[in-house]
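Visitor: Could you take me through one part of this model at close range? I would like to look at the sheet, and at whatever sits around it.

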Amino acid sequence: MSTGADAAGGGIRLLIADDEHLIRGALAALLGLEPDIEVVASVDNGLAAIEQAAATRPDVCLLDLEMPGADGIEAATRILATVPTRVVIVTRHARPGVLRRALAARVSGFVPKSTPAEELAHVIRDVAAGRRYIDPEIAATALTAERCPLTDRELDTLRFSRSTMSVVQIADRLHLAPGTVRNYLSSAMTKLGAASRHEAAEIAWQQGWI
């Protein structure tokens, strides 16, 4: 895949999405000082990141994992489906299964929020050049993490169970019968030893499976 930076041989056009105002502002200011990086958009939620990626077509998108509207991985999936860009995910808490989700979404970089701006700039350059960067500690944690025992459909129902949606609403969103959704939720609760669908959803979230 060729990005704008590749084609023009010039600077790297960067989109930043983070719902923490101070962190987003600091990243935009520090990375913007790099001679070869231009911050073309700075937003505070996943849905805005998707919209701005389509509008500005950046070379690299730097997305926070935990954001309102759409988390970093969901935003990455939707952005990469339509925009010829690359994505770096930054996170404060690297839950075990999240890296596997990110790699499945074709994310190119995965780093902790504690990464210094100068080092992050190097990661952005590597990713823009077509390379992949995964923080070594995050990679090591992912390799030793417990494998997810849940099916894709069970994970889908638990993902929506983290909200206030009812079983009927979840069924409508997934285009399934309410009884089918209840069966998936029951199966997931049994596998995880959870007393409720909300508890099962919390366990799955803590493990990084949803």
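Guide: Happy to; here is a walk through the sheet, its surroundings and a few residues in the loops. Please keep in mind that this is a predicted model.

Let us set the scene with the whole chain. Its secondary structure amounts to 11 helices and six strands. The radius of gyration is 18 Å, close to the 17 Å that the globule rule gives for 210 residues, so the chain is as compact as a globular protein of that length. Along the principal axes, the C-alpha atoms fill a box of roughly 55 × 35 × 30 Å. Of the 210 residues, 45% are buried. If you take the contacts between residues at least 6 apart in sequence, 67% of them join residues at least 24 apart. As for the outside, the accessible surface comes to about 10100 Å², and carbon and sulfur atoms account for 53% of that area. The charged side chains divide into 22 positive and 26 negative ones, with the centres of the two sets 6 Å apart.

Now to the sheet itself. Strands of a sheet pair through backbone hydrogen bonds, either parallel or antiparallel. Here the sheet is open, has six strands and pairs in the parallel sense, and reading across it gives the order β2-β1-β3-β4-β5-β6. At the edges are β2, residues 37-43, and β6, residues 133-134, each of which pairs on one side only.

Inside that order, follow the neighbours of β3 on either side. Strand β1, residues 12-17, and strand β3, residues 60-64, are joined in parallel by four bridges. One position to look up there is A17, whose bridge partner in β3 is L63. Towards β4, strand β3 again pairs in the parallel sense, this time over five bridges. On that side, L62 stands opposite V88 in β4.

Strand β4 deserves a slow look. It covers residues 86-91, and six of its six residues are buried, so the strand is largely enclosed by the rest of the structure. The side chains split between two directions: R86, V88 and V90 point one way, V87, I89 and T91 point the other way, and all are buried. T91, which belongs to this strand, has a relative accessibility of 2% and therefore counts as buried. Leaving aside neighbours within four places in sequence, T91 is in contact with D64, L65, F110, V111, P112 and K113. Among these, F110, V111 and P112 fall within β5, which spans residues 109-112.

Next, a helix residue that meets several of the strands. I124 has its place in helix α6, and its relative accessibility of 0% makes it buried. Beyond its neighbours within four places in sequence, I124 touches I12, L14, L31, I37 and V60. Check those numbers against the strand ranges: I12 and L14 lie in β1, residues 12-17, while I37 lies in β2, residues 37-43. V60 belongs to β3, residues 60-64. For a sense of scale, the C-alpha atoms of I124 and A188 are separated by 38 Å, with the two positions 64 residues apart along the chain.

Just past α6, which covers residues 117-128, A129 sits in the loop that leads to β6. A129 counts as partly exposed, at 46% relative accessibility. Its C-alpha atom is 9.7 Å from that of I12, although the two are 117 residues apart along the chain.

Two other loop residues are worth a check of their backbone angles. Most residues other than glycine have a negative phi, and most peptide bonds are trans. R57 has a positive phi of about 45° although it is not a glycine, and its place is the loop between α3, residues 46-56, and β3. R57 is partly exposed, with a relative accessible area of 43%. R106 likewise is not a glycine, yet has a positive phi of about 70°. It is found in the loop between α5, residues 98-104, and β5, and it counts as partly exposed at 47% relative accessibility.

To finish, step over to a group of helices later in the chain. In helix α8, residues 152-161, the buried residues are E154, L155, T157, L158, F160 and S161. They pack against three helices: α9 at 167-174, α10 at 178-192 and α11 at 197-206. A188, the far end of the 38 Å separation from I124, falls within α10.

Conventions:
Residues numbered from 1 in each chain as written. Predicted model: local features only at pLDDT ≥ 70, side-chain atom pairs only at ≥ 80, totals over all residues. Heavy atoms only, no water. Rg over C-alpha atoms; globule rule 2.2 N^0.38 Å. Buried < 20%, exposed > 50% of the residue type's maximum accessible area, 1.4 Å probe, protein only. Contact = heavy atoms within 4.5 Å. Areas by Shrake-Rupley, 256 points an atom, 1.4 Å probe, with all protein chains shown as cover. Lys, Arg positive; Asp, Glu negative; His and termini not counted. Charge placed at Lys NZ, Arg CZ, Asp CG, Glu CD. Pairing = 2+ DSSP bridges.
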